[in-house]
Amino acid sequence: MTAPPVTYRVREWPDLPALGGLRSLAWGGADDGSRWAAVLTRSLIWVTAHDGARLVGFVNVAWDGGAHAFLLDTTVRPDWQRRGVGTRLVQEAIRATRAHVEVEWLHVDFEAHLTAFYAACGFTGTSAGLLRL
């Protein structure tokens, strides 16, 4: 019996403790999911990836209410990485963001080792500033 393919869902409310668990597994630290309701209610879109009932990936798109949206929190379970899940999450997020005609720009910040990944997703490099608060 083969496993079902990964499914992708746009703006479908996720199981928040599972989202917190995914973030903890992928990024370290503790995340019980309790902060995600406030984040998602202010988001333009988010996309989740599922292996059956199990959450295996997530990406969020925040929005300034105008021309700029921001790709955040691209996350894939470590045991699902390098299978195209992250790329597909970003592609689905781009597609869903394009449906909002008022949005003209989708920004993403990333660490240097992810340059090739985001370039393959269609992003071009820019100069930007960052201030840790």
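Me: How do you know that the radius of gyration of the chain agrees with that of a compact globule?
Reply: With 133 residues, a compact globule would come out near 14 Å, and the chain has 15 Å, so the two agree. The radius is taken over C-alpha atoms, and the globule rule is 2.2 Å times the number of residues to the power 0.38. Along the principal axes, the C-alpha atoms fill a box of roughly 45 × 30 × 30 Å. Do keep in mind that this is a predicted model, where local features need pLDDT of at least 70, side-chain atom pairs count only at pLDDT 80 or more, and totals for chains, interfaces and linings use all residues. Residues are numbered from 1 along each chain as its sequence is written, and side-chain values use heavy atoms, with hydrogens and water left out.

Me: What makes up the secondary structure of the chain?
Reply: The chain has four helices and five strands. These are DSSP runs, numbered from the N terminus: H or I over at least four residues for a helix, E over at least two for a strand. Along the sequence the pattern reads β-α-α-β-β-β-α-β-α.

Me: Why is β3 called largely enclosed by the rest of the structure?
Reply: Seven of the 10 residues of β3 are buried, so the strand earns that description. Buried means under 20% relative accessible area, exposed means over 50%, and partly exposed lies in between, using a 1.4 Å probe and protein chains only. In the chain, buried residues make up 38% of the 133.

Me: How do you know that β2 and β3 pair, and in which sense do they run?
Reply: Two strands pair if DSSP finds at least two bridges between them. Seven bridges join β2 to β3, and the strands run antiparallel. Val47 stands opposite Val59 in β3. On its other pairing, β3 is joined to β4 by six bridges, again antiparallel, with Ala62 opposite Phe70 in β4.

Me: Which strand pairs with β4 in the parallel sense, and over how many bridges?
Reply: That is β5, with four bridges, which meets the requirement for pairing. Phe70, for example, has His107 in β5 as its bridge partner. The chain crosses from β4 through α3 to β5, and this β-α-β crossover is right-handed. The term means that, with the strands pointing away from the viewer, the path from the first strand over the helix to the second runs clockwise.

Me: What makes the phi of Arg11 worth a look?
Reply: Most residues other than glycine have a negative phi. Arg11 has a positive one, near 55°, and is found in the loop between β1 (7-10) and α1. Asp73, in strand β4, is also not a glycine and has a positive phi of about 60°.

Me: Are Arg11 and Asp73 buried or exposed?
Reply: Neither label fits: Arg11, at 42% relative accessibility, counts as partly exposed, and Asp73, at 23%, counts as partly exposed too.

Me: Which glycines in the hairpins take a positive phi?
Reply: Gly52 does, near 65°, in the hairpin of β2 and β3, which has two residues between the strands. In the hairpin of β3 and β4, with four residues between the strands, Gly65 takes a positive phi near 85°.

Me: Why is Ala53 called exposed, and Gly52 partly exposed?
Reply: Ala53 has a relative accessible area of 82%, so it is exposed. Gly52 has 37%, so it counts as partly exposed. Ala53 lies in the loop between β2 (45-51) and β3 (54-63), and Gly52 lies in that loop too.

Me: How much space lies in the largest pocket, and what makes it a pocket?
Reply: It holds about 1800 Å³. Of its 48 lining residues, the closest to its centre are Leu71, Val108, Asp109, Phe110 and Tyr118. On a 1 Å grid over the protein atoms alone, a pocket is an open set of points with protein on both sides within 12 Å along at least five of seven lines, whereas a cavity is a set where a 1.4 Å probe fits but cannot get out; lining residues have an atom within 4 Å of a point. Grid points are joined across faces, edges and corners, and the volume is the space filled by probe spheres set on them.

Me: Which strand gives the largest share of that lining?
Reply: β4 does, with seven residues. Elements that each supply at least two residues include α1 (16-27), α3 (85-98) and α4 (115-120).
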